[in-house]
Amino acid sequence: MERITTWNRKHVLLADALYAVIISIFFTLIAGTYDSNPGLIAHFDHTVMDFWSFVLMVPVAMRRWKPQMATLLFAGLVVVQLAFGPSMVYADLMAPWMLYSAIVYADPRNSKAFIVLAVAIGALASPVIIWSTDAGPILNQGVSFDGLSPLDVCSGTYIYGLSGDCATTMTTDSAAIFIFIVVYLFAAIVVAYWQRARRITVSMMHERNDALQAKEDEERHIAALAERARIARDMHDVVAHTLSIIIIQSDGGRYAGINNPALARQTMETIRHESERALHDMKRLLGVFGGSDHADYADVDALIDQARAAVGMGCTIRKTVSGQPRVAALGAQASTAMYRMVQEALTNVRKYGGPNVTVQISEIWGADGLHVTVADNGRGASSSLDGHKPGYGLIGMRERIGAVGGSVTSGPQLGSGFVVSGFVPYSTVSTQSEAAAPASESPNVASSAAVSSGAAIMPMAAPTTGTVSMATDTGNTGVVSNVANAPQSAVASQVGVTQPAGVTQPAGAKMPRPASQMSSVPTQAPPTPITIRLRTILSVLRSKPIQQASVTGKQRLNWIERMSQWTERHYLLTDLLLTILVAWLLLAINPSVIYTEGIYTEGLQPYNRFDRALTIIILIPLIFRRRFPESSALAVAILAALQLLFFEPVGLVDILASLVTLYSAVLYGRDKAWRWTGIAALADSALFGCKIFAALNGYRSIFDMLSQSRPAYSLTAAPSAFASAIVFMVISLALCISATAMARWSRSSGSNALVLQAREEALRAEQAKQRILAANMERDRISESIQSEVTMTLTSVIDQAVAGLRMLDDCERHGEQPSSGAISEAFAAIGSQGRAALAHMRKLLGVLRETGFSDEAHRQEQPGMQLRPAASLDKQLHDSQLHDSQLHGIAS
């Protein structure tokens, strides 16, 4: 069926030509039953009528290929036919079809002109038809031809002139014919405008689906780049952060531990512990789950304690909390993002703040999210001295916070110091779960699910209102980037990467704005569980939203097109109204159903109360035929089977409901729904045949036939009853097959908005799977090289720390006091190895970033970067080293 519809779309002219030939043959067979047909000039036999039928079908074959030309050609041929041929042929019935084609397929600006032309030709055709019929042709004045003769009152018109009675008769008949033509054309106009509005939506959906398919490769490419950016970001936050701590610890231990072996041992143990934890986190972030298992804002106090231990007595860190903490409401990604922001800010304080620094951490839990400010009174931003390449901390911070719909600002304060302020909104899902959770649960319990490659491409949380700022890495002196919460692109939101709005200078404020300015959203009481359930039920019963295209400019939608789009959006309500109308009509006209006795004696019997109730029950699933198509079809199939098995009447409403729900299930349901619906249709058709067999043998139902030993009466022989049952079963099955075929045709033709919407959802789901697959493949492709590089880097630091601890153990075992020089050399070796490892790590991060970032501001800063992560990591490192050596050669 899909191949047929595809061929039909690609060969429009040939398909319509085949349809035209088939219709022409049908008209020829009908015209052969009439010997003649009058016209203005003469009587014409069926041969001339056949000729005109074939001629008029030529523009019909062109109706979609060249709709405007075909409609004008058809109109011209009809005028010629009215003047020189039969007054009416069967092909004239194609006029509304041609008008429909002109409205639907031609330029919309010419629709009104074609409507006027059609009405004008109708006004011309009605008196010509009546004149040729009542007065007769000019060449056959008053002469009968093959039994046809003019009207008595008009038979002498050509001899005596037009009489009053003849004029009245012709006027009345012409008006009646004209009204019939106008009604016929009006129906075609309504259908055409209705269909044109649907085609606008369908065309928009086709374009969107085509765009989704076209950018599938691009999506996978972006996902791979984003995965490289995620790895670089996590390595910066985990490994580079740890190496910075190790360098600071080694420098501090080199002086503080000279005369204090216990402090030296404690510092070396801390260095070894931090290195081993970084090695573990690195393996995790490159593994299946990704991310650190403790990177959660619920652990921020432990992070602060760790920072206090790392900076020593010369630094004071204070923390204040405002509002009720709701860590669980943040969600896993937002919690991790805020944890990493605080971690990066404290790391920069240790690296660039200088001695005797006071750090103030302000944690504000607002109505819409969490605001955290890390401010210090140190030296402010300064350039890195350890090979740090400016910008990576900024990119990681911006990507993490922006990916969850938050924002961050940072920059030097007036006078001295540096401030980093971030905001992340609450997660909608987490907020609802928190509202539904028991009050005894602690609000500080947050999910510690790590950020994996799959999480990196989850859709972004809804952005909050207002503009937010994002600022620099502390390595970029005086540079502040401002990111507004503008809508992100579909691709960026899927891969978890945001695009900055621009770059501005810092505002210069010492401390961030107060909480009253950060949020204007009033605090609302959480919804009750009953309210949540009611909302869930209503959301399930509501029509799924359909994104429709709107026509702007001069060509606006008329009332028919607006009504078409309304019924398309509110299809569940539309089906409800249609079902009520059908039920009212069935109950109002009191249709008949076949009873067992009626087969022999009384014929068709009127509805009784039980039949009316049964009709309403079996019509109820029609309300949900498009919202829950397969469930509705299953319900009708079960109800029909029960009625055929246990109840007496056989109503036409059963056939109607069965065919409609069968059609809807195949069209709107799953792609393979026709399999089980076919089995159900076969079963109900067999039961219908058994019902007829039972009725013809005097039983009231199949159940009665199976439970009774013999019928109450029998007027028909069993062979005849069996033959009738087979005929009815075949007819029922043929109707079901026809409904299934029509549904499959409509489904494959791509002309139904709900079907296209389901395909779009399937495409998006498949793209999400492909992005995850691309990210996983990219991670697997580079993880082995990265793990070996990072493992070697961290292992070298661990070995130096172990060597220092072994030296202390040897001295202790021999009862000797380690010399200050040995302790100093051990820490110097650790620091030297840490700096070398950090420089190597920066180079590795640079390669990953420069070949796999997705930040627009960074792209402008590095216009020569190639976003093609195709080369192996070893080759990229080699190319980077070669490039550095060339630069050194040029400088020298």
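A residue is called buried when its relative accessible area is under 20%, exposed when over 50%, and partly exposed in between (1.4 Å probe, protein chains only). By this measure Glu568, at 5% relative accessibility, counts as buried. The structure discussed here is a predicted model, in which local features need pLDDT of at least 70 and side-chain atom pairs count only at pLDDT 80 or more, while totals for chains, interfaces and linings use all residues. Residues are numbered from 1 along each chain as its sequence is written, and side-chain values use heavy atoms, with hydrogens and water left out.

**Overall composition**

The protein has 892 residues, of which 47% are buried. It contains 29 helices and eleven strands; these are DSSP runs numbered from the N terminus, with helices (H or I) of at least four residues and strands (E) of at least two. Contact means heavy atoms within 4.5 Å. Among contacts with a separation of 6 or more, 77% are between residues 24 or more positions apart. The exposed surface is about 43000 Å², and carbon and sulfur atoms supply 63% of it; accessible areas come from the Shrake-Rupley method with a 1.4 Å probe, and for residues only the protein chains shown count as cover.

**Salt bridges**

A salt bridge is a side-chain nitrogen of Lys or Arg within 4 Å of a carboxyl oxygen of Asp or Glu. The whole structure holds 17 of them, including the three pairs below.

| Pair | N to O distance |
|---|---|
| Glu568 and Arg198 | 3.7 Å |
| Asp301 and Lys319 | 2.6 Å |
| Asp575 and Arg625 | 3.6 Å |

Glu568 forms its salt bridge with Arg198. Because Glu568 belongs to helix H18 (residues 559-569) and Arg198 to helix H8, this pair ties together parts that are 370 residues apart in sequence.

Asp301 and Lys319 meet through their side chains. This pair links helix H11 (residues 300-311), which holds Asp301, to strand E3 (residues 315-322), which holds Lys319, across 18 residues. Asp301 is partly exposed, with a relative accessible area of 42%, and Lys319 is partly exposed at 27%.

In the third pair, Asp575 bridges to Arg625. Asp575 lies in helix H19 (residues 571-588) and Arg625 in the loop between helix H20 (609-619) and helix H21 (629-646), so the pair ties together parts that are 50 residues apart in sequence. Both Asp575 and Arg625 are buried. Elsewhere, salt bridges that share partners join Arg208, Glu760 and Arg764 into one network.

**Two further buried residues**

Thr677 lies in helix H23 (residues 673-696) and counts as buried at 2% relative accessibility. Leaving aside neighbours within four places in sequence, Thr677 is in contact with Leu662, Ala665 and Val666. Ala135, in the loop between helix H6 (111-134) and helix H7 (157-160), is buried with a relative accessible area of 0%. The C-alpha atoms of Ala135 and Leu162 are 9.3 Å apart, and the two residues are separated by 27 residues in sequence.

**The second largest pocket**

A pocket is an open set of points on a 1 Å grid over the protein atoms alone, where a 1.4 Å probe fits, with protein on both sides within 12 Å along at least five of seven lines; lining residues have an atom within 4 Å of a point. About 1200 Å³ of space lies in the second largest pocket. Of its 36 lining residues, the closest to the centre are Arg9, His206, Ser749, Gly750 and Ser751. Helix H8 gives the most to this lining, with nine residues.

Technical notes
Points joined across faces, edges and corners; volume = space filled by probe spheres on them.
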